[in-house]
Structures are given as structure tokens and as C-alpha cells.
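Trainee: Could you take me through one part of this model up close? I'd like a single connected story rather than a list.

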Amino acid sequence: MARVLVVGAGLAGLSAAIDASANGHHVVVLERTKTVGGKGTSQNKEGFSLTFGPHLVHKKGPLWQLCRRLSKRKPASATIRLDKTEILGSGMIRPKDNISKVIENKKALKSKDIAHPVVKAASFLSSWNSNNMSRIEALSKSKLLVSNEGWIGLVGRLAAALDEIGVLIECGVKVDSLHDYGVKLNNGKKVEADVVILACGLNGARKLLTDIYPNRTDEVLANPSRTTASIIELGLTSKSLRGRHAIIDTENNTAAIDYVAIQPRLSAHGSHISAITVGGLSGDVGETKFDSSEQRLQYLENFLDSQAGGWRDHVVTDLRQEKITIHEYCEKEIDSFAFSDVGIILAGSWVKSDYILADAAVHSGRTAGQNIGKAQH
Ligand SMILES: Cc1cc2nc3c(=O)[nH]c(=O)nc-3n(C[C@H](O)[C@H](O)[C@H](O)COP(=O)(O)OP(=O)(O)OC[C@H]3O[C@@H](n4cnc5c(N)ncnc54)[C@H](O)[C@@H]3O)c2cc1C
């Protein structure tokens, strides 16, 4: 049995803790903020479960499967429908009154030719431009879902499982540095561990590793880059997307979805709009389009003015983020076990995986938790 310390209680950290504990290790999770779930959670405000931007879950993916395994109840969810998903300037992906367009778009989605405007739009909505074919297929086959419980419902299942097996999650403590005995916290406390799992984001892991292994970190986590997004979440008394499940502006990497239109049981009236603009800032991968994140957020508000007219007069609650990291990469793919000889395992959506986004976070976390022995010295 090893003493395992998990840094970060996002989806990667929670998943790592579940598997490490199930494999007989003594596990503690440390989280810098006051809540668990990292970027993959939501908060309930005025009856709306506000998330960090639109979040879709793949029915066959690792996150869904883990939630399904941990609790008897299937996660409640609903599907984004393509007959209610509009591409700006080209209409619904599956228009009810135009059978030849339905066939044409179906063929395009099957071809997965990313140069095709419909595939491009599907790629944006399903993976925020990762061009991941299995997510495009999931969207086409109604297997890309919104959680009716909010992502807090999914994260809650992971946290409840850890509570049941007696794993301590300590929130509000930041890991400041790594040492051969374990880690040092921002309150000066030292915590001993045999194995440390860094599930604190690429930037966080890089900072901690650079202090202690500068050359190796530069080599393994070489030339990090990222894509950020601006998001607006709105709880409204009006149906401002007019029944559409989603509207996509592919040219400008922008979209809005309405959770209530997708799952009417969420609220008897009104809507929950989640809108996003991806990239376009200096430092983001791709073309620079905005001078600042403030300008990008303003652009998103203008997009809502044109597509969800009147929303400003109907706001019950809202949440805005000018800049949140959505994709993180390095020049070379990052091996979870690149630092295992010194008792450190890496986990997160940025680690090499067959999956992307939250599924990659969960998969890499679980892989870390199942392979503690590889890092035990
Ligand atoms: C706008 C947006 C839209 C998205 N849409 C989707 C989607 O549709 N579908 C999907 O599957 N995924 C989506 N994602 C991605 C998904 O949210 C993330 O991939 C996933 O939540 C990442 O989990 P993680 O555990 O790797 O990292 P994080 O969630 O970043 O967790 C890292 C945790 O470590 C903590 N931490 C950092 N440093 C320290 C330290 N020194 N000490 C202690 N704690 C520390 C942080 O506070 C945080 O809680 C989206 C993300 C964004 C931002």
C-alpha cells in the first residue's frame, strides 16, 4: 500500500483518487479552491445550474461510464437534436421540410470531411474545434448529451464515492512545492507521500515540476500552448433562442445552446443559455481576432443580441468568464509516467489519451490511479 497524494480535485484528480483507493492505496486529495470539480462542474443559482460554458458529455465516454458504474441511478440526460441545431447562414443541420438537404448533410457528416461546413460546425459544437471524429459521430447519432443534473450532479457522484470509501478531500489548500518527501502547502505544512499525482492542469504541473526538475520539465512539457474561451451563462425568463437547441457561427468559433429547450423538464418556462467564443486571442492557437478578452466577451454579448434578441430584459441570473482555458497542449504528446521514476504521475485532459476534454481527464486520472506501482520507489 502506498501513500498517494492527488494535487487537484478536478475530474482527473477525483477519478485518480477513486481508482488508487480501489487498488488498496491510502489516498488524500488536495484542492486549492473551496469546491471540487475544477472546470468540469456547475453551481446552482436561482434554480439554474450554471456551468463554465456549454458542456456536453459523450454517452459512451469514460466520464459517463464512471458515473454509471458508481451509482445505481443512470445520470439523467437529454440529447441535442440536429433538427433544432442551426448553422448560421445555412439553416438547421437536419431541416424538417427539406429532405434533400437532410440527405446531403447526413452524407457530409458520415464523410467526416472537416473542410465541409456542416462537419466543421459539428466539430465545433462537439469538441470546440478539436476535430475529434468520435465526438462528431456521437453528435450525429444522438449520443452527445447535456446533463439534466448539471455537471455538479456528475462530479457529485465521484465525490460521494470518495466520501463513502473514506478518502479525504481537503479544499482551500494550495500545493506550493514538490519535495522528495511529498509536498509543501501554502500554509507551510508538509505532507508526506510515496506517490504524487499531479492533476492540477498543465500550467500548475509545469510550475511545480520546473522548480525541482527544470531541464527535464522543459524537455517533457516542451513549448506549452493553449486555447482559451469566453463564456456567458444566462438563466432567463424568456425563450430567447426561440426553441432552437443550438446555434453555431462556425466562421467566428461561436455558439450558444439552450439547456431548457433540450430538456424542457429543467424549467417550466424560460431558458438556460450557455454561450461560448473559442480562441482568437494572442497566445491562443490560431488566428488572432481580438485585442483583449474583454473585447471577445463583448463580441459574445453582441452575438447573443443578434441571436437571442431581448435576453437583456429577462435575466434571472448569469455568469461570465472573459478567459478560461479549454484546450492545453505541448509540442510532444505527454506521457503520464514521464516522471514516474521520481514518484510523480501526471493526469489531466492535457496528457496523452485516446479521448479528449473531460473524457481525457477521467481516463488519464483512472490510468494514474490504476498504476501507482509504476511510480512507487
Ligand atoms: C468553456 C469550456 C467548455 C468545455 N466543454 C466541454 C464539453 O463540452 N465536454 C467535455 O467533455 N469537456 C468540456 N470541457 C473540458 C473539461 O471541462 C475539462 O477538460 C476538464 O474539466 C479538465 O479536468 P482536469 O481535472 O484535467 O482539470 P481542472 O478541471 O482544471 O482541475 C484542476 C484542479 O486542480 C486545482 N489546482 C491547480 N493547482 C493546484 C495546486 N497547486 N494545489 C492544489 N490544487 C490545484 C484547480 O483548482 C482545479 O480544481 C470544457 C472546458 C471549458 C473551459
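**Around helix H5**

Mentor: Let's start at the end of H5: the residue that follows this helix, Ser-142, has a positive phi, near 60 degrees. Keep in mind that this is a predicted model. H5 itself covers residues 133-140, and its buried residues are Arg-135, Ile-136, Ala-138, Leu-139 and Ser-140. What do they pack against? The buried residues of H5 sit against two helices, H3 (99-111) and H4 (117-127), and also against E5 and E9.

Those two strands take us into the sheet. E9 spans residues 144-147 and runs antiparallel to E5, with 2 bridges joining them. One bridge pairs Val-57 with Leu-145 in E9. Zoom out a little and you get an open sheet of 3 strands, paired antiparallel in the order E5-E9-E6. E5 (57-58) and E6 (77-79) each have a single partner strand, so they stand at the edges, and one side of each is left without a neighbour in the sheet.

Now for the ligand. Its shell draws residues from both domain 1 (3-57 + 151-223 + 331-375) and domain 2 (79-146 + 225-329), so the ligand lies between them. There are 36 residues around the ligand, and the closest are Gly-8, Gly-10, Gly-38, Gly-40 and Gly-53. By type, the shell splits into 19 nonpolar, 12 polar and 5 charged residues. Several elements supply at least two residues each, among them helix H1 (11-22), strand E2 (26-31) and helix H7 (201-212). The biggest contribution comes from H11, with 4 residues.

Key:
Residues numbered from 1 in each chain as written. Predicted model: local features only at pLDDT ≥ 70, side-chain atom pairs only at ≥ 80, totals over all residues. Pairing = 2+ DSSP bridges. Near = placed C-beta within 6 Å. Nonpolar A, V, L, I, M, F, W, Y, C, P; charged D, E, K, R; others polar. Domains from an automatic or database assignment. Buried ≥ 20, exposed ≤ 12 C-beta atoms within 10 Å, placed from the backbone. Contact = placed C-beta atoms within 7 Å.
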